[in-house]
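Q: I've got a model open and I'd like to learn how to read it. Can you walk me through it, from the overall fold down to the ligand?

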Amino acid sequence: MKILLIGASGTIGKRIYDRFAQKHEIVQASRTGSDVAVDITDAVSIQKMYEAVEKIDAVICATGPAKFGPFGELTEDDFYIGIRGKMMGQVDLVRIGQRYLNDDGSFTLTTGILADDPIVGSTAVSLVNGAVNSFAMAAAIELLRNQRINVVCPTIVADSAEAYADFFPGFDPAPMDRVVNGYVRSVETKITGRILRIY
Ligand SMILES: NC(=O)c1ccc[n+]([C@@H]2O[C@H](COP(=O)([O-])OP(=O)(O)OC[C@H]3O[C@@H](n4cnc5c(N)ncnc54)[C@H](OP(=O)(O)O)[C@@H]3O)[C@@H](O)[C@H]2O)c1
């Protein structure tokens with residue numbers, strides 16, 4: 001399969017790349033992408049990426065900018081970082097990408113446990129995680145040409161556990177292999193409309 005991986009250089013993206021590159025052709029994308037550049041907060045940039053990468057069998061998004069911060073201090077603009085980034089960025093990858101994705105192709109988006117289990121400072125992140133989960137369930141029933149869509153929704157991942165330990169007290173980090181398996185299930189099986197919770 002030819003797989004377009006957005007956020008390929010990130011903590012989760014690198015692990016996705018390592019696994020999928022064993023079997024598939026991977027096009028690595030991000031703002032400083034090694035194969036193609038994209039800023040998911042900009043629909044024009046997404047359009048250009050799809051025009052540059054032909055015949056895609058699967059799109060995986062492992063990025064999603066959003067703002068953490070105390071609810072009492074978050075501004076409207078702070079909320080819009082996640083709304084434009086993690087939410088509309090991923091929505092636009094599907095909205096625009098459905099015209100470029102091959103028949104039987106799949107989209108796999110990324111949200112996170114904060115959709116279900118908020119922590120202090122997560123209101124703006126929890127909001128968009130929940131929105132993307134709901135979007136994917138709804139888009140799954142309308143995508144044409146046998147295209148599929150799923151979301152991988154991990155808890156704190158092992159490779160980030162040390163850095164985020166103070167923010168996620170008592171959360172069990174998910175081993176990276178389990179996290180990557182969510183993406184493998186989404187891409188390599190026939191499921192659609194699923195939120196794959198890796199908790
Ligand atoms: N880490 C965790 O424990 C964890 C747990 C649950 C959910 N998540 C979610 O998983 C996703 C990835 O997290 P991560 O920790 O792997 O992130 P990360 O290490 O910060 O990596 C982010 C990746 O996305 C790219 N990127 C950033 N902004 C972008 C933009 N506007 N357009 C295109 N690419 C962009 C970065 O590359 P460039 O700088 O080159 O753009 C990089 O490749 C996020 O949505 C996060 O909320 C993470």
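**Fold first, then the ligand**

A: Sure. Start with the secondary structure: the protein chain has 6 helices and 7 strands. Keep in mind that this is a predicted model.

Q: Which pattern does the protein chain follow along the sequence?

A: Reading along the sequence, you get β-α-β-β-α-β-α-β-α-β-α-α-β.

Q: Why does the radius of gyration of the protein chain agree with a compact globule?

A: The idea is to compare the chain with what its length would predict. A compact globule of 199 residues would have a radius of gyration near 16 Å, and the protein chain has 16 Å, so the two agree. For the extents, the C-alpha trace spans about 45 × 35 × 35 Å along its principal axes.

Q: Now the ligand. Which pocket does it take up?

A: The ligand's space is the largest pocket. There are 24 residues around the ligand, and S9, S30, R31, T32 and K86 come nearest.

Q: What is the make-up of the shell around the ligand?

A: Sort the residues by class: 9 are nonpolar, 12 polar and 3 charged.

Q: Which polar contacts should I look at?

A: Look for pairs of N or O atoms within 3.5 Å. With T32, a side-chain N or O atom is 2.5 Å from an oxygen atom of the ligand. K86 also uses its side chain, with a polar atom 2.8 Å from a ligand oxygen. At I40 it's a backbone N or O atom, 3.0 Å from a nitrogen atom of the ligand.

Q: How much of the ligand's accessible area does the protein cover?

A: On its own the ligand has 890 Å² of accessible area, and the protein covers 80% of that.

Notes:
Residues numbered from 1 in each chain as written. Predicted model: local features only at pLDDT ≥ 70, side-chain atom pairs only at ≥ 80, totals over all residues. Heavy atoms only, no water. Near = heavy atom within 4 Å. Polar contact = N/O pair within 3.5 Å; in protein donor to acceptor, adjacent residues only side chain to side chain. Areas by Shrake-Rupley, 256 points an atom, 1.4 Å probe, with all protein chains shown as cover. 1 Å grid on protein atoms, 1.4 Å probe; cavity = no way out; pocket = protein on both sides within 12 Å on 5 of 7 lines; lining within 4 Å. Sits in = over half its atoms within 2 Å of the grid points. Nonpolar A, V, L, I, M, F, W, Y, C, P; charged D, E, K, R; others polar. Helix = DSSP H or I, 4+ residues; strand = E, 2+ residues; numbered from the N terminus. Rg over C-alpha atoms; globule rule 2.2 N^0.38 Å.
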